[in-house]
Amino acid sequence: MKPQSFAYVATSTVEEAVRALGEAGEDAKVLAGGQSLVPMMNLRLARPSVLVDINPIADLAGVEVGPARLSLGALVRHRSLELGVSPGALGRLLREVAGHVAELPVRVRGSVGGSLAHADPAAEWCLVAVALGAEIELAGPGGRRSLGAEEFLEGPFSTALAADELVVAVHLPLRAGWAYGFAEHALTHGSFAQAGACVGLELLDGVVAGCRIAVMGTSGRAERVPAAEAAATGRPAEAAPDAAAEATRDALAPTGYGEVTSDYLRALAAATVRRATAAAATGTVEAR
Ligand SMILES: Cc1cc2nc3c(=O)[nH]c(=O)nc-3n(C[C@H](O)[C@H](O)[C@H](O)COP(=O)(O)OP(=O)(O)OC[C@H]3O[C@@H](n4cnc5c(N)ncnc54)[C@H](O)[C@@H]3O)c2cc1C
């Protein structure tokens, strides 16, 4: 199928893009990599009257490594993250995760900002953003504002973005002494995962001093599992994976669909939490 006809506006600054969105009204859509939007337009599941192309905005493609955070412009492509944008434990995590996002042609065009704005419940970047406590920076007619990932991602394909706002950057905290792990279960490599987990562990003398665990596939959006975080904290690193997995299985009550039962989804979530926690427990630790 072909999309409904639409107007096209190319923008070269964030201010221009915000203005174009404001002028076009509710029906306008930002065009980033087009990897989700264009198929939806072709199927007429999305029928924007105006496309505001942000690809020419060079400012949105940058990466900044600061002392306390790694900032990714909204247009940083999955492929750039796969090739590596920063050293250390966080950089390694991003490289590994990116390799699980779709197939190469999609990774070359698809962007981290587009992925967050699209808010697919099975999107790896939404999972990572929630697990790590990312801040999402938005630009609108009133200026800039930042929201925590859990506040930004409201539900399946739903975010706190207003119609005249765009995502400009995602800021990931750089935590000294933390190590990270990721695991997912997908029917084929590169397809959307049925379940996944991302884990951060603060390791002090082989003991888990701090912990952040998020899963996807168990509800309409990536969610933290506080019971699993509590279960892993204070334990020797080698005991943390089983403790976190068991607590995940007890804490979650996902809704099944079709032949996929709630018990199956709970088991998948627990298994991915075990694998991701084990990867973090034996992984590179961010330099202090
Ligand atoms: C075959 C296939 C397999 C895929 N597999 C996976 C997968 O395994 N995991 C995964 O996570 N994703 C997967 N995707 C989706 C892919 O990662 C997309 O790139 C991503 O979801 C959207 O990024 P984009 O830059 O292409 O955004 P677009 O398609 O351009 O936009 C998506 C939506 O976000 C909005 N938007 C985009 N950028 C911004 C912005 N900066 N500010 C405000 N709104 C914005 C658009 O208006 C649109 O509503 C797959 C896609 C395909 C086609």
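**Exercise 1.** In this predicted model, find which element gives the most residues to the shell around the ligand.

*Solution.* Start with the elements that give two or more residues to the shell: strand E2 (28–31), helix H6 (112–118) and strand E10 (166–173). Of the elements, H6 contributes the most, with four residues.

**Exercise 2.** State how many residues surround the ligand, and sort the shell by class.

*Solution.* The ligand is surrounded by 30 residues. The closest are Val30, Gly34, Leu37, Ser111 and Glu124. By class, 15 of the shell residues are nonpolar, 13 are polar and two are charged.

**Exercise 3.** List backbone atoms that make polar contacts with the ligand, using a cut-off of 3.5 Å between N or O atoms.

*Solution.* Take the ligand oxygen atoms, then a nitrogen.
- Serine 36: a polar backbone atom is 2.9 Å from a ligand oxygen.
- Glycine 190: a backbone N or O atom is 3.5 Å from an oxygen atom of the ligand.
- Valine 167: a backbone N or O atom is 2.8 Å from a nitrogen atom of the ligand.

On its own, the ligand has 960 Å² of accessible area, and the protein covers 87% of this.

**Exercise 4.** Explain where the ligand lies relative to domain 1 and domain 2.

*Solution.* The ligand takes the space of the largest pocket. Domain 1 (1–174) gives residues to the shell, and so does domain 2 (178–281); therefore the ligand lies between them.

Definitions and conventions. Residues numbered from 1 in each chain as written. Predicted model: local features only at pLDDT ≥ 70, side-chain atom pairs only at ≥ 80, totals over all residues. Heavy atoms only, no water. Near = heavy atom within 4 Å. Polar contact = N/O pair within 3.5 Å; in protein donor to acceptor, adjacent residues only side chain to side chain. Areas by Shrake-Rupley, 256 points an atom, 1.4 Å probe, with all protein chains shown as cover. 1 Å grid on protein atoms, 1.4 Å probe; cavity = no way out; pocket = protein on both sides within 12 Å on 5 of 7 lines; lining within 4 Å. Sits in = over half its atoms within 2 Å of the grid points. Nonpolar A, V, L, I, M, F, W, Y, C, P; charged D, E, K, R; others polar. Domains from an automatic or database assignment.
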